[in-house]
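Here is a small set of exercises to work through with the structure open beside you. Try each task yourself before reading its solution.

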Amino acid sequence: ENVKIIAKKENKENSEPIKTMYRYLMVSFGYDAERLSLLGSDDLETFYLINKNAYNMTKGRTNRFRDPAITQIGKYYYIVYSDGFTDSTKLYMCRTVNFVDYEELEPIDITNADGSESIVIWAPCWFRHDGKLYVILNSDSGLRGTWYGEYDYITHTVSPTSKFNFKDYPQTIDVHIYYENNYFYAVVKDESKRYDSLHILK
């Protein structure tokens, strides 16, 4: 691996590895936007709180921890997130084996395939398809819309990003992509409408 680890941190509030018996894991951020919460589910309908303080951000690099998403690569759980206001054109990531010891990875500079300016990153998430792992990037300022690029965990890089074309929804944020029965689906929020604006596109 060519991953550059910029910080290693132990979650002192959890001295033992977190043992989960759930089929699915989900992460969210706390009210102070500094702490990671870990939840589990067996049916994707009911989620149970495993630990509300599963991880606390390292001060000095970024003090905000927003909109995290989790995936598993080998023995590691990779968590991608927005930093919240500071250096938000960079993609932040950490990884853990046991939810006690964390490695903060070097932030990734995101470039766009069309050579345009950098996007302001919010609510990144993971998407797997045909053996490849992609990161979905949302932007609600500057270049509005939703972008995606392939993540290479060996080199810790994201390929130049391309933009989704969601017809009639040019200001999408907080997008999640999934694939089922030969169709791609996008769960999107239309930022041009503040209320009642959640849509599923096929």
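## Exercise 1: A sheet and its edges

S14 and strand S15 (residues 183–190) are antiparallel partners, joined over seven bridges. Keep in mind as you go that this is a predicted model.

**Task.** Work out the order of the strands in the open sheet that contains S14, S15 and S16, and find which strands stand at its edges.

**Solution.**
1. Begin with the order: the open sheet has three strands, arranged S14-S15-S16, with antiparallel pairing.
2. Next, count partners. Strand S14 (172–180) and strand S16 (198–201) each have a single partner strand, so each is an edge strand with one side lacking a neighbour in the sheet.
3. Then look at the twist, which averages 15° from one strand to the next.
4. To check the register, pick Ile177: its bridge partner in S15 is Ala186.

## Exercise 2: Two salt bridges

**Task.** Find the salt bridges in the whole structure, and decide for each residue involved whether it is buried, partly exposed or exposed.

**Solution.**
1. A search of the whole structure gives two salt bridges. As background, side chains of opposite charge can pair when their charged atoms come close.
2. One of them joins Asp109 and Lys90, with 2.5 Å between the closest N and O atoms. This pair connects distant parts of the chain, since Asp109 belongs to strand S8 (residues 101–109) and Lys90 to strand S7 (residues 90–96), 19 residues apart.
3. Now apply the cut-offs: under 20% is buried, over 50% is exposed, and partly exposed lies in between. Asp109, at 52% relative accessibility, is therefore exposed, while Lys90, at 22%, is partly exposed.
4. The other salt bridge is formed by Arg95 and Glu103, whose closest N and O atoms are 2.7 Å apart.
5. Use the cut-offs again. Arg95 has a relative accessible area of 4% and is buried; Glu103 is buried too, at 13%.

## Exercise 3: Positive phi in the loops

**Task.** Where in the chain do Phe99 and His156 lie, and what is the sign of phi in each?

**Solution.**
1. Recall the background: most residues other than glycine have a negative phi.
2. Phe99 lies in the loop between S7 and S8. Its phi is near 65°, a positive value in a residue other than glycine.
3. His156 sits in the loop between strand S11 (145–152) and strand S12 (157–158). Here phi is near 55°, again positive in a residue other than glycine.
4. Finally, check accessibility: Phe99 is buried at 3%, and His156 is buried at 7%.

## Exercise 4: The surroundings of a histidine

**Task.** Is His129 buried or exposed, and which residues does His129 touch, leaving out those up to four places away in sequence?

**Solution.**
1. Locate His129 in strand S9 (residues 122–129).
2. Compare its relative accessible area, 19%, with the cut-off of under 20%: His129 is therefore buried.
3. List the contacts: His129 touches Tyr134, Tyr179 and Phe184.

## Exercise 5: The whole chain

**Task.** How many helices and strands does the chain have, and what share of its residues counts as buried?

**Solution.**
1. The chain has zero helices and 16 strands.
2. Of its 202 residues, 45% count as buried.
3. For contacts with a separation of 6 or more, 44% are between residues 24 or more positions apart.
4. The accessible surface comes to about 11,200 Å², and carbon and sulfur atoms account for 47% of that.

Key
Residues numbered from 1 in each chain as written. Predicted model: local features only at pLDDT ≥ 70, side-chain atom pairs only at ≥ 80, totals over all residues. Heavy atoms only, no water. Pairing = 2+ DSSP bridges. Helix = DSSP H or I, 4+ residues; strand = E, 2+ residues; numbered from the N terminus. Axes fitted to C-alpha atoms, helices over the stretch in contact; angles between N-to-C directions. Buried < 20%, exposed > 50% of the residue type's maximum accessible area, 1.4 Å probe, protein only. Contact = heavy atoms within 4.5 Å. Salt bridge = Lys/Arg side-chain N within 4 Å of Asp/Glu carboxyl O. Areas by Shrake-Rupley, 256 points an atom, 1.4 Å probe, with all protein chains shown as cover.
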